[in-house]
Amino acid sequence: MRKAAASLIAQTGVPVTADELSSIEVADFGLGHLAVEGAQILTLLQSERIGVKLLVLTPGQTLPEHLHPVVGSDPGKEETVRVVLGTLLLYSEGGDTISSGVVPSGKEAVYTVRNERKMVPGDQLTLPPGNKHWLQAGDEGAVAFSFSSVARDLLDVFTDPEVQRRVVVRK
Ligand code: ZN
């Protein structure tokens with residue numbers, strides 16, 4: 001998966017170093033079927049206040065539904081997604097308009113937001129804190145920047161109780 005992710009990143013034209021490529025995090029969220037539900041994440045910058053990542057999804061791969069919660073006095077992570085390669089289906093709160101994507105089989109109960117935005121390179125969207133969202137790549141995979149305030153990924157709240165954010169598969 002890391003190789004597949006590196007190949008997708010290469011197609012974007014976004015320059016990255018060999019060290020960065022070798023640091024790609026392959027996350028299956030503890031669900032054990034990476035090609036269906038999972039994500040490859042290349043962290044370019046993560047400080048106490050800001051995070052910049054490349055999110056890489058292989059064809060049809062889904063990053064499970066989650067939200068970024070309020071943490072103490074922090075209002076929660078604001079996240080901006082900007083697509084640089086492929087088609088990215090982004091689902092968030094709003095009317096049910098799902099048409100191009102599919103909820104992973106058997107997971108209807110834990111994919112609760114169905115408002116679809118079909119994003120192509122250059123499209124950008126900001127998700128306010130507390131807003132549930134999930135992502136799915138189109139047929140060619142997708143790469144997007146994720147720009148965010150305080151990136152406390154381990155505190156993200158996933159709708160699916162089976163998700164274990166701490167479990168990371170490295171291949
Ligand atoms: Zn998110």
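User: What makes H66, H68, E79 and H133 the residues that coordinate the zinc ion?

Analyst: In this predicted model, the zinc ion is coordinated by H66 (NE2), H68 (NE2), E79 (OE) and H133 (NE2), at 2.1 to 2.2 Å. Donors are N, O and S atoms within 2.8 Å of the metal (3.2 Å for Na, K and Ca), and water is not among the atoms, so sites may look incomplete. Along the chain, the donors follow the spacing H-x1-H-x10-E-x53-H.

User: Why is the arrangement of the four donor atoms around the zinc ion called irregular?

Analyst: The donor atoms subtend angles of 79 to 172 degrees, so the arrangement is irregular. Four donors count as tetrahedral if all angles lie between 85 and 135 degrees; four count as square planar and six as octahedral if opposite donors are over 155 degrees apart and all others between 65 and 115; anything else is irregular.

User: Are H66 and H68 buried or exposed?

Analyst: Both are buried, meaning under 20% relative accessible area (exposed is over 50%, partly exposed in between; 1.4 Å probe, protein chains only). Buried residues make up 50% of the 171 residues in the protein chain.

User: How do you know that the radius of gyration of the protein chain agrees with a compact globule?

Analyst: The rule, taken over C-alpha atoms, is 2.2 Å times the number of residues to the power 0.38. For 171 residues that gives a value near 16 Å, and the protein chain has 15 Å, so the two agree.

User: What should I keep in mind about the numbers?

Analyst: Residues are numbered from 1 along each chain as its sequence is written, and side-chain values use heavy atoms, leaving out hydrogens and water. Local features need pLDDT of at least 70, side-chain atom pairs count only at pLDDT 80 or more, and totals for chains, interfaces and linings use all residues.
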